[in-house]
Amino acid sequence: MELIIYVAFLRGINVSGQKKMPMASLKDLCENLGLQDVKTYIQSGNIVFKCAHNNTSGVETLLMDGIQKQFGFDVPVLVKTAAQLKNIMDLNPFTNKEDLSENKVHFVLLNDIPSNDLVQKLQEKSFVHEKFSLGNHCIYLHCNAGYGKAKLNNNMIERKLKVMATTRNYGTMNKLVEIVE
């Protein structure tokens, strides 16, 4: 059976002392769940691994259930294949090298494709110092004043589009692509 390379993005761990999850413990959990060649990247909950499951939602459920049992709290998990991750990066419309190096470009990964009505309502809004472009399962976000000051943040996107989302900066996404290659 062929192994598929996946990247899992955990939402809301190790933030302000909430939902503490050491990466070494997370790696051990993943290996105990049967995932192979497990690598974690930074404390925000990024995991690269291989497994034989051929469906991302099944892998998401496996990880969410394992985290609940091991750590005692619920964590939203979004899983992409290596090919999906590369595609998201390839379609990034914000490619100015200075903006990328200054951490102005972010990727809001969506677990579902939002309804057209909700997308249209969001596209009618404008945000000072922010530009965005909607991809298939990603909102590409350019924040001139930095993500910490962004009005169009992860929580607002979840509220407006009624989907689960998690955000990573360009540097993190680029490093994850390097790891999967």
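This is a friendly chat about helices, salt bridges and a few single residues in a predicted model.

Me: Hi! What kind of model is this, and how are residues numbered?
Reply: It is a predicted model, where local features need pLDDT of at least 70, side-chain atom pairs count only at pLDDT 80 or more, and totals for chains, interfaces and linings use all residues. Residues are numbered from 1 along each chain as its sequence is written, and side-chain values use heavy atoms, with hydrogens and water left out.

Me: Thanks. How do helices α1 and α2 cross?
Reply: Helix α1 covers residues 23-32 and helix α2 covers residues 56-71; their axes come within 10 Å and cross at roughly 125 degrees. That makes α1 oblique to α2. The crossing is right-handed.

Me: Could you unpack those words for me?
Reply: Sure. Helices (H or I, at least four residues) and strands (E, at least two) are DSSP runs, numbered from the N terminus. Axes are lines fitted to C-alpha atoms, for helices over the stretch in contact, and angles run from 0 to 180 degrees between N-to-C directions. Angles under 35 degrees count as roughly parallel, over 145 as roughly antiparallel, 65 to 115 as roughly perpendicular and the rest as oblique. A crossing is left-handed if the near helix is turned anticlockwise from the far one by less than a right angle, and right-handed if clockwise.

Me: Which residues meet there?
Reply: From α1 there are S25, L26, L29 and C30, and they meet L63, G66, I67, Q70 and F71 of α2. Contact here means heavy atoms within 4.5 Å. By class, this contact has six nonpolar, three polar and no charged residues. For those classes, Ala, Val, Leu, Ile, Met, Phe, Trp, Tyr, Cys and Pro count as nonpolar, Asp, Glu, Lys and Arg as charged, and the others, Gly among them, as polar.

Me: Let's stay with Q70. Is it buried, partly exposed or exposed, and what does it touch?
Reply: Q70 is partly exposed, with a relative accessible area of 44%. Buried means under 20% relative accessible area, exposed over 50%, and partly exposed in between (1.4 Å probe, protein chains only). Not counting residues up to four places away in sequence, Q70 touches S25 and L29.

Me: New topic: how many salt bridges are there?
Reply: A search of the whole structure finds five salt bridges. The term means a side-chain nitrogen of Lys or Arg within 4 Å of a carboxyl oxygen of Asp or Glu. Side chains of opposite charge can pair when their charged atoms come close.

Me: What can you tell me about E158 and R11?
Reply: E158 forms a salt bridge with R11, and their closest N and O atoms are 3.0 Å apart. E158 lies in helix α6 (residues 154-161) and R11 in the loop between β1 (4-10) and α1, so the pair ties together parts that are 147 residues apart in sequence. E158 is buried, at 18% relative accessible area.

Me: And which residue does E102 pair with?
Reply: E102 forms a salt bridge with K104, with the closest N and O atoms 3.2 Å apart. E102 is partly exposed at 41%, whereas K104 is buried at 17%.

Me: Where do K175 and E178 lie?
Reply: Both lie in helix α7 (residues 170-180), three residues apart, about one turn of the helix. Their side chains meet in a salt bridge (3.7 Å, N to O). K175 is partly exposed at 33%, and E178 is partly exposed at 47%.

Me: Moving on to strands, what does D37 touch?
Reply: D37 lies in strand β2 (residues 36-41) and touches V48, F49 and K50, not counting residues up to four places away in sequence. D37 and F49 are twelve residues apart in sequence and 5.3 Å apart in space, C-alpha to C-alpha.

Me: Last one: what is the phi of N103, and of K162?
Reply: N103 has a positive phi of about 65 degrees although it is not a glycine, and phi of K162 is near 55 degrees. Most residues other than glycine have a negative phi. N103 is found in the loop between α4 (97-101) and β5 (105-110), and K162 in the loop between α6 and β8 (165-169). N103 is partly exposed at 35%, whereas K162 is exposed at 64%.
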